[in-house]
Amino acid sequence: MALNIIVGTQWGDEGKGRVVDLLAAEADYVARYNGGDNAGHTVTVGDQTFKLHLIPSGVIHPHTIGIIGNGLVVNPKVLLEEIEITRASGVEITPERLRISHAAHVITPAYLALDKAREQSRGDEKIGTTLRGIGPAYNHKAARSGLRMETMLSLEDFAEAVAAQIEGVNEVLINLYETEPLDTLEIAKEYVGYAQELAPYIENVSSLLTEALRSGENVLAEGAQGTLLDIDHGTYPYVTSSNPTAAGALVGLGLGVGHVGRVIGVTKAFQTRVGEGPFPTEVFGETAQQLRGTGDKPWDEFGTTTGRPRRVGWLDAVLLRYAVQINGITELTITKLDVLSGLDTLYICTGYQADGETHHDLPLGPTDLDYEPEYEELPGWEADEADIMGTRKWGGLPQAAQAYIQRIEELAGTPIRLISVGPEREQVIEIE
Ligand code: GDP
Ligand code: IMO
Ligand code: MG
């Protein structure tokens with residue numbers, strides 16, 4: 001009877017969607033609390049694969065109610081398309097089953113245009129954003145010039161607000177970035193159509209969820225992105241513009257601190273990153289190829305949202321400890337252990353070397369992350385991927401895989417409760 005929070009401990013794509021789907025079996029509400037359609041959460045159930053960007057991953061379970069919290073920035077076009085696709089896959093998405101916070105912000109084409117123009121103007125210093133308008137949307141939110149979902153409840157006001165925003169941004173597009181302006185009237189008309197469709201979904205979700213928690217129901221909060229992409233606590237400026245960390249769940253859903261139960265950190269058995277920014281344990285060449293895959297398998301490391309190849313590297317225990325600290329993680333789930341099968345030696349980063357000293361804490365400032373990682377070597381296992389994917393019991397894992405997990409647990413200082421060995425619901429090992 002509590003709020004349990006699922007948070008990524010790395011740079012996103014840890015397998016949060018897969019873990020949310022697993023734990024949603026015991027939840028009444030599944031609630032996204034940050035980000036927008038920059039997220040891509042994959043859920044595999046039998047022969048069906050769902051790629052969700054805005055709809056919470058737990059809605060595949062028919063008993064749950066999905067929530068889009070005030071912490072999100074929502075592209076209504078993307079959301080409506082996603083509702084259609086999800087429905088076509090046999091999942092019932094109705095205004096009864098999906099509630100959207102009145103205080104979530106609305107993404108318009110103005111933000112998409114700004115995202116693109118800003119990235120282009122950054123040149124070599126680009127962030128490598130998903131170009132979904134996320135940064136500009138949070139920018140306008142903080143500047144108090146954003147558009148909130150609640151405005152959709154009055155179509156006339158909404159049309160005016162959309163038009164005013166597009167006109168304002170057009171000034172910037174023309175004068176600062178020297179790009180084509182957007183068609184104000186066309187967009188205002190299009191957005192009125194979205195408002196008509198989405199109005200029945202809009203609610204004060206803070207009140208809804210608080211009531212549910214008080215009456216003993218379970219809420220599962222689903223983070224997007226990951227700790228190291230957090231605007232405050234990540235590898236700034238190579239971050240997203242929201243708070244994926246656990247505290248973001250409280251602000252992003254409008255819930256009091258006292259409700260929090262478990263804080264479940266999702267950690268990939270190695271490390272990946274999409275976009276620019278520091279990555280101390282990054283590997284290249286043949287090892288990278290082995291970790292990334294070639295794109296043949298659905299879980300190979302290519303972005304769910306953008307299709308970009310993900311950068312890959314060894315697990316970084318310094319950053320993992322930091323994630324445990326920042327989020328107050330109470331337990332970890334390790335995903336993709338199967339992918340490490342067949343590697344002779346595994347490496348875990350336990351510190352960074354600089355000026356003849358070893359550092360065990362997150363260095364201050366992005367340039368310091370260029371420190372040389374200090375590695376601990378552990379033996380790999382010979383069993384092939386299929387064997388690991390077929391294992392359901394701790395004792396069934398090769399000794400070397402058990403040792404690898406135990407070492408991560410020691411270094412993180414937090415119990416590992418679940419090990420995911422495949423994308424499917426049942427491909428999981430529970431640790432008593
Ligand atoms: P998210 O953004 O954190 O939800 O993660 P993504 O969905 O972007 O990327 C994770 C990918 O790995 C998806 O294709 C999942 O289906 C897949 N996946 C999750 N857990 C496992 C696992 O334990 N083993 C394998 N092989 N694939 C997994
Ligand atoms: P999920 O929820 C991985 C990255 C982008 C870029 C940076 C800023 O699937 O884990 P943005 O478009 O947010 O302004 O881009 O953040 N990024 C993600 N990387 N997984 C994600 O989401 C991401 N969402 C944003 O690649 O480096
Ligand atoms: Mg993803």
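Ligand 2 is surrounded by 20 residues in this predicted model, and the closest of them are Lys16, His41, Thr130, Gln225 and Thr240; a residue is counted as near a molecule if one of its heavy atoms lies within 4 Å of it. The model being a prediction, local features need pLDDT of at least 70 and side-chain atom pairs count only at pLDDT 80 or more, whereas totals for chains, interfaces and linings use all residues. Residues are numbered from 1 along each chain as its sequence is written, chains are lettered from A and ligands numbered from 1 in the order in which they are written, and side-chain values use heavy atoms, with hydrogens and water left out.

The shell around ligand 2 draws residues from both domain 1 (3-90 + 205-430) and domain 2 (105-200), so the ligand lies between them; the domain bounds come from an automatic or database domain assignment. By class, this shell holds seven nonpolar, 10 polar and three charged residues, where Ala, Val, Leu, Ile, Met, Phe, Trp, Tyr, Cys and Pro count as nonpolar, Asp, Glu, Lys and Arg as charged, and the others, Gly among them, as polar. For ligand 1, which has 21 residues around it, the closest are Gly15, Lys16, Thr42, Asp338 and Ser420, and the shell divides into five nonpolar, nine polar and seven charged residues.

The table gives polar contacts of both ligands, a polar contact being a pair of N or O atoms within 3.5 Å.

| Ligand atom | Protein partner (N or O atom) | Distance |
|---|---|---|
| Ligand 2, oxygen | Lys16, side chain | 2.7 Å |
| Ligand 2, oxygen | Gly40, backbone | 2.9 Å |
| Ligand 2, oxygen | Arg308, side chain | 3.0 Å |
| Ligand 1, oxygen | Asp13, side chain | 3.0 Å |
| Ligand 1, oxygen | Gly17, backbone | 2.8 Å |
| Ligand 1, nitrogen | Asp338, side chain | 2.7 Å |

Taken alone, ligand 1 exposes 590 Å², of which the protein buries 97%, and ligand 2 taken alone exposes 550 Å², of which the protein likewise buries 97%; these accessible areas come from the Shrake-Rupley method with a 1.4 Å probe. Ligand 2 sits in the largest pocket and ligand 1 in the second largest, a pocket being an open set of points on a 1 Å grid over the protein atoms alone, where a 1.4 Å probe fits, with protein on both sides within 12 Å along at least five of seven lines. A molecule sits in a pocket if more than half of its atoms lie within 2 Å of its grid points.

Helix 1 (16-23) and strand 3 (41-45) are the elements that give two or more residues to the shell around ligand 1, and helix 1 supplies the largest share, three residues; helices (H or I, at least four residues) and strands (E, at least two) are DSSP runs numbered from the N terminus.

Two backbone features remain. Most residues other than glycine have a negative phi, and most peptide bonds are trans. Tyr236 and Pro237, however, are joined by a cis peptide bond with omega of about 5°, and Pro237 is placed in the loop between strand 10 (219-222) and helix 8 (247-253). Arg144, which is not a glycine, has a positive phi of about 60° and lies in the loop between helix 4 (134-142) and helix 5 (155-175).

Methods:
A polar contact is a pair of N or O atoms within 3.5 Å; within protein, one must be able to donate a hydrogen and the other to accept it, and residues adjacent in sequence count only if both atoms are side-chain atoms. On a 1 Å grid over the protein atoms alone, a cavity is a set of points where a 1.4 Å probe fits but cannot get out, and a pocket is an open set with protein on both sides within 12 Å along at least five of seven lines; lining residues have an atom within 4 Å of a point.
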